[in-house]
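Colleague: I would like to learn how to read side-chain contacts in a model such as this one. Could we go through them together, with the general idea before each case?

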Amino acid sequence: MRARTFCHLCCFVALLLSSFLTASLAAAQTASPPAKNEFAAWFSGEFENGHAFGNTINGRLYEIEGRYGRLFFAQGPVAFRYVVEVVPLALVGDPNYPDRQRHYVYGGGASPIGVQLNLRHYRRAEPFLTSSGGFVYMQRRLFNPGATQFNFTVQLGGGVQLFALNRRTAVDLGYKYFHISNANMNHRNPAMDSHMLFIGLSFFR
């Protein structure tokens with residue numbers, strides 16, 4: 001009796017697995033291809049300094065950035081996009097002043113070299129990784145004294161895109177590690193690393 005019950009249970013599990021695989025295959029076959037163009041706006045805010053490359057402590061960084069992504073590879077569960085970022089506003093809280101108070105400096109910049117990897121296993125929620133490099137130009141020298149107005153930037157992060165039913169819009173949530181440095185163009189290069197959280201909205205066409 002126990003053997004017969006076990007056989008029935010195995011058949012039931014096999015039937016469930018078969019139904020699930022059939023439904024998954026049908027969904028994959030009917031899924032629309034990913035959109036070629038992605039337009040996004042992100043707001044990023046620092047919650048802590050890192051120290052992988054920079055030695056600035058008690059600094060802060062806030063950014064508004066516009067992003068354009070162009071799909072150049074999509075195969076199976078992955079999709080790659082080339083990404084260009086424009087930063088109309090970067091606000092840096094510079095703590096390196098004689099009064100030991102944080103003074104905010106504003107500027108802007110761009111990251112013309114970037115890439116984004118989306119994992120397309122999930123239809124409504126897609127994890128992604130992103131990285132880019134560029135520059136930022138501030139209203140005055142950063143990390144006073146002895147640094148520069150023009151600085152290079154590098155960032156690496158990841159998150160998740162939560163898609164609407166029509167897959168034409170998505171909410172972006174995630175984390176990135178952001179580095180600002182003058183690449184030793186001056187006699188001092190304090191640099192600053194930032195742990196940042198971001199939220200944004202993407203549109204796909």
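Colleague: How should I read a salt bridge, and which residue forms one with Glu65?

Modeller: The general idea is that side chains of opposite charge can pair when their charged atoms come close. In this predicted model, Lys176 forms a salt bridge with Glu65, and their closest N and O atoms are 2.7 Å apart. Because Lys176 lies in strand β7 and Glu65 in strand β2, the pair ties together parts that are 111 residues apart in sequence.

Colleague: Are Lys176 and Glu65 buried or exposed?

Modeller: Both Lys176 and Glu65 are buried, and for Lys176 the relative accessibility is 1%, so that residue counts as buried under the 20% cut-off.

Colleague: With which other glutamate does Lys176 form a salt bridge?

Modeller: Lys176 also forms a salt bridge with Glu63, where the closest N and O atoms are 3.6 Å apart. This pair, too, links distant parts of the chain, with Glu63 in strand β2 (residues 60-75) and Lys176 in strand β7 (residues 169-181), 113 residues apart. Glu63 is buried as well, with a relative accessible area of 5%. If you step back from the single pairs, Glu63, Glu65, Arg67, Glu85 and Lys176 are linked in a network of salt bridges, and the structure holds seven salt bridges.

Colleague: Arg67 belongs to that network; over which ring does its charged end sit?

Modeller: The charged end of Arg67 sits over the ring of Trp42, 3.8 Å from the ring centre. Trp42 in turn forms one aromatic cluster with Phe128 and Phe198.

Colleague: What should I look at when two aromatic rings come together, and how many aromatic pairs does a search of the whole structure find?

Modeller: In general, a pair of aromatic rings is described by the distance of the centres and the angle of the planes. The search finds nine aromatic pairs. One of them is formed by Phe150 and Phe152, which are edge-to-face, at 5.2 Å centre to centre and with 85 degrees between the planes. Phe150 counts as partly exposed at 29% relative accessibility, and Phe152 counts as partly exposed at 35%.

Phe163 and Phe204 form a tilted pair, with 5.2 Å centre to centre and 35 degrees between the planes. Since Phe163 lies in strand β6 (residues 150-163) and Phe204 in strand β8 (residues 192-204), the pair ties together parts that are 41 residues apart in sequence. Phe163 counts as buried at 6% relative accessibility, and Phe204 is buried with a relative accessible area of 3%.

Colleague: Which charged end sits over the ring of Phe163, and where does that residue lie?

Modeller: The charged end of Arg167 sits over the ring of Phe163, 4.0 Å from its centre, and Arg167 lies in the loop between β6 and β7. Arg167 also forms a salt bridge with Glu126, the closest N and O atoms being 2.6 Å apart. That salt bridge links distant parts of the chain, as Glu126 belongs to strand β5 (residues 125-138), 41 residues from Arg167. Both Arg167 and Glu126 are buried, with Arg167 at 17% relative accessibility.

Colleague: What about the backbone of Arg167, and what is the value of its phi?

Modeller: Phi of Arg167 is near 55 degrees, a positive value in a residue other than glycine. Ala183 likewise has a positive phi, of about 55 degrees, although it is not a glycine. Ala183 lies in the loop between β7 and β8 and counts as partly exposed at 46% relative accessibility.

Technical notes. Residues numbered from 1 in each chain as written. Predicted model: local features only at pLDDT ≥ 70, side-chain atom pairs only at ≥ 80, totals over all residues. Heavy atoms only, no water. Phe/Tyr/Trp six-rings, centres within 6.5 Å; stacked < 30°, edge-to-face > 60°. Buried < 20%, exposed > 50% of the residue type's maximum accessible area, 1.4 Å probe, protein only. Helix = DSSP H or I, 4+ residues; strand = E, 2+ residues; numbered from the N terminus. Lys NZ or Arg CZ within 6 Å of the ring centre and 35° of its normal. Salt bridge = Lys/Arg side-chain N within 4 Å of Asp/Glu carboxyl O.
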